Amino acid sequence: ALEQPYLDLMRTVMEQGVDRDDRTGVGTRSVFGHQMRFDLSRGFPLLTTKKLHLRSIIHELLWFLKGDTNIGYLKEHGVRIWDEWADESGNLGPVYGYQWRSWPSPNGGSVDQIANVLEQIRNTPQSRRLIVSAWNPGQVDEMKLPPCHCLFQFYVANGRLSCQLYQRSADIFLGVPFNIASYALLLSMVAQVTGLEPGEFVHTLGDAHLYSNHLEQAQEQLSRTPKAPPRLSLNPQVTNLFDFTFDDISIEEYESHPHIKAEVAV
Ligand code: U5P
């Protein structure tokens, strides 16, 4: 199954992980360093072993791409995933959107990493420098939440666009299913606007952990048999990455096992 690498990660951590305390006080079982590969030509890697809703993730990605770091846009669309981190004005500090679209440069200007990487994919697809970084060491302390998905790189071969993400910290049960979907979506959108076919999403994890209060849920999920993956449908008229709207993106033929409830560690 397309999601097998995710289920393998879950099983590996369950069986071979080390139990540790963590910042939240909940406690985790973890491994350090793990890689998963998802071939997007086989379908969209939205998990089928539990039901997931993509609405928040689509809005969050569009919000990142706008360069926005205030939760106002998310609130307007009923997305609450960033609420607990924002200050009274809804600001999050120089998080993802800011670094992606306007990383401050030493001369007082700024770098639009997304626009640059699109231009490089189009003009020098063989480049080994197709990188976007959200981890700005000079500004991490000003961010309400230091980036979990820190850096990604594109790779073009045989008309296919691949993307590898480095994620420093990965909540396997709650966060990772959405991180996979979010980057698979970004990869598909970038592929469309650069005239390429989606290739592989390679997901590299640093501290990959199951919270101690997610172990039962993980067992339940591992007992389920995956179904055929859904399909991502993007409006083919969109040729500029920044023109995508919520209505241009949909998931089709999604069949899944029921949702599994679990507490978020804050
Ligand atoms: N987390 C994710 N994916 C995200 C954002 C957060 O898995 O996109 C999880 C991290 O894995 C961790 C927590 O469990 O949120 C952030 O805590 P820390 O790593 O900053 O201590």
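Trainee: Where along the chain do I find Asn158?

Mentor: Look in the loop between strands β6 (149–157) and β7 (160–171). Strands are DSSP runs of E with at least two residues, helices are runs of H or I with at least four, and both are numbered from the N terminus. One caution: this is a predicted model, where local features need pLDDT of at least 70 and side-chain atom pairs need 80 or more, while totals for chains, interfaces and linings use all residues. Residues are numbered from 1 along each chain as its sequence is written, and side-chain values use heavy atoms, without hydrogens or water.

Trainee: What should I read from the backbone angle of Asn158?

Mentor: Most residues other than glycine have a negative phi. Asn158 isn't a glycine, yet its phi is positive, at about 50°. Asn158 also counts as exposed (over 50% relative accessible area; buried is under 20%, partly exposed in between, with a 1.4 Å probe and protein chains only), because its relative accessibility is 80%.

Trainee: And what is the phi of Glu253?

Mentor: Glu253 has a positive phi too, about 60°, and is not a glycine either. You'll find Glu253 in the segment after β10 (249–252). With a relative accessible area of 60%, Glu253 is exposed.

Trainee: Back in strand β6, is Phe152 buried or exposed?

Mentor: Phe152, which belongs to β6, is buried, at a relative accessible area of 2%. For a sense of distance, its C-alpha atom is 15 Å from that of Pro125, 27 residues away along the chain.

Trainee: How do I read a helix, say α5?

Mentor: An α-helix has 3.6 residues a turn, so residues three or four places apart point the same way. In α5 (residues 113–123), the buried ones are Gln113, Ile114, Val117, Leu118 and Ile121. They line one face of the helix, because seen down the axis of α5 they fall within an arc of 135°, taken from the directions from the axis to the C-beta atoms.

Trainee: Which residue caps the N-terminal end of α5?

Mentor: That's Asp112, with a side-chain oxygen 3.3 Å from the backbone nitrogen of Ile114.

Trainee: What polar contact does the side chain of Thr24 make with Asp22?

Mentor: A polar contact is a pair of N or O atoms within 3.5 Å; within protein, one must be able to donate a hydrogen and the other to accept it, and sequence neighbours count only if both atoms are side-chain atoms. Thr24 and Asp22 join side chains at 2.8 Å. A polar atom of the Thr24 side chain also lies 3.2 Å from the backbone nitrogen of Val26. Thr24 sits in the loop between β1 (18–20) and β2 (28–39) and counts as buried, at 19% relative accessibility.

Trainee: Now the ligand. Which residues surround it?

Mentor: The shell holds residues with a heavy atom within 4 Å. Among them are Arg23, Cys148, His149, Gln167, Asp171, Asn179, His209 and Tyr211. β7 and β8 (197–211) each supply at least two shell residues, and β7 gives the most, with five.

Trainee: Which polar atoms of Arg168, Ser169 and Ala170 lie by ligand oxygens?

Mentor: For Ser169, a side-chain N or O atom is 2.8 Å from a ligand oxygen. Arg168 brings a polar side-chain atom to 2.9 Å from one, while Ala170 uses a polar backbone atom, at 3.1 Å. The protein covers 78% of the 460 Å² of accessible area that the ligand has on its own, computed by the Shrake-Rupley method with a 1.4 Å probe; for residues, only the protein chains shown count as cover.
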